[in-house]
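Hi,

Here's the structure I said I'd pass along. Have a look at it first, and my notes are underneath.

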Amino acid sequence: MLNEGDAAPDATLQTIDGGEIKLSSLMGRPLVLYFYPKDDTAGCTREAQDFSALAGDFEKAGVAILGVSRDTPAKHGKFIAKYDLRIPLATDADGSVTEAFGTWIEKSLYGRKYMGIDRATFLIDRDGRIARIWRKVKVSGHAEQVLAAARALG
C-alpha cells in the first residue's frame with residue numbers, strides 16, 4: 001500500500017488515441033492522478049465533470065490531471081465526447097497501474113464479492129512523490145478539495 005511521501009510508481013497507460021503515456025513523462029509539475037471505476041456511470045461522470053469544470057484552475061496552478069480506469073480507449077473517447085470533458089483519461093488495460101497504486105480491491109454488492117477499482121486520488125508533486133492520497137472518495141466537493149491541496153503545494 002502506497003503512503004504519502006512515497007515515490008509514485010512509474011507506470012505506462014494507454015491514451016484514447018491508442019498511444020501510451022508514461023507517468024514519469026508528466027513529472028516536473030504536480031499531477032492529480034485519479035482512479036475511478038467505470039465510464040458513463042453516475043458517480044464517475046460527476047467526478048469527471050467536476051474535474052473538467054476546474055481544469056482551467058488546475059492549469060493556472062500548474063497542475064496536470066489524468067483520470068484512470070480499465071475502460072477501453074474507445075470507451076474513454078465516447079465518454080469525453082458525450083460529456084464534453086476537458087481532462088485526459090487513460091486506460092489501465094493490463095491492470096498493472098491499479099495494482100501498483102493499490103486501487104484494485106475486493107468489493108461487495110448485495111452480498112456478491114467482486115474485484116473493482118476503488119475510487120481514489122493521488123496528488124503527486126513535481127518530484128514524483130505522493131503528496132496526498134484520498135481513498136474511498138466521495139464525489140461531492142472532491143475536485144475542490146484536490147484543487148486546494150494542489151494549490152498548497154506551491
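To get you oriented: in which helix is Ser 52 found? That would be α1. Before going further, keep in mind that this is a predicted model.

Back to Ser 52, which comes out at 5% relative accessibility; the cut-off for buried is under 20%, so Ser 52 counts as buried. Setting aside neighbours within four places in sequence, Ser 52 is in contact with Leu 85, Arg 86 and Ile 87.

Ile 87 is a good place to go next. Not counting residues up to four places away in sequence, Ile 87 touches Tyr 34, Ala 48, Phe 51, Ser 52, Ala 55, Ile 65 and Ile 80. Ile 87 also belongs to the largest nonpolar core, which has 24 residues. The members that touch the most other members there are Val 32, Tyr 34, Phe 51, Phe 58, Ile 65, Ile 87 and Leu 89. As for where this core comes from, two or more residues each are given by β3 (31–35), α1 (42–53), α2 (55–60), α3 (73–83) and α5 (142–153). With five residues, α5 gives the most. There's a second, separate core as well: 21 residues, including Ala 11, Leu 33, Val 68 and Ile 133.

Now for the helix pair. α1 and α5 pack with their axes 8 Å apart, at an angle of about 40°. Angles under 35 degrees would count as roughly parallel and 65 to 115 as roughly perpendicular, so α1 is oblique to α5. The crossing of α1 past α5 is right-handed. On the α1 side, the residues are Glu 47, Asp 50 and Phe 51, and they meet His 142, Ala 143 and Val 146 in α5. By type, the residues of this contact are three nonpolar, one polar and two charged.

One last residue to click on is Tyr 114, in strand β7 (residues 112–117). Is Tyr 114 buried or partly exposed? Its relative accessibility is 28%, and partly exposed runs between 20% and 50%, so Tyr 114 counts as partly exposed. Leaving aside neighbours within four places in sequence, Tyr 114 is in contact with Ile 105, Glu 106, Lys 107, Ser 108 and Leu 109. If you want a distance to check in your viewer, try Tyr 114 to Ala 93: these residues are 21 apart along the chain, and their C-alpha atoms are separated by 18 Å.

Cheers

Definitions and conventions:
Residues are numbered from 1 along each chain as its sequence is written. This is a predicted model: local features need pLDDT of at least 70, side-chain atom pairs count only at pLDDT 80 or more; totals for chains, interfaces and linings use all residues. Side-chain values use heavy atoms; hydrogens and water are left out. A nonpolar core is a set of buried Ala, Val, Leu, Ile, Met, Phe, Trp, Tyr and Cys residues joined through side-chain atoms within 4.5 Å. Buried means under 20% relative accessible area, exposed over 50%, partly exposed in between (1.4 Å probe, protein chains only). Helices (H or I, at least four residues) and strands (E, at least two) are DSSP runs, numbered from the N terminus. Contact means heavy atoms within 4.5 Å. Axes are lines fitted to C-alpha atoms, for helices over the stretch in contact, and angles run from 0 to 180 degrees between N-to-C directions. Angles under 35 degrees count as roughly parallel, over 145 as roughly antiparallel, 65 to 115 as roughly perpendicular and the rest as oblique. A crossing is left-handed if the near helix is turned anticlockwise from the far one by less than a right angle, and right-handed if clockwise. Ala, Val, Leu, Ile, Met, Phe, Trp, Tyr, Cys and Pro count as nonpolar, Asp, Glu, Lys and Arg as charged, and the others, Gly among them, as polar.
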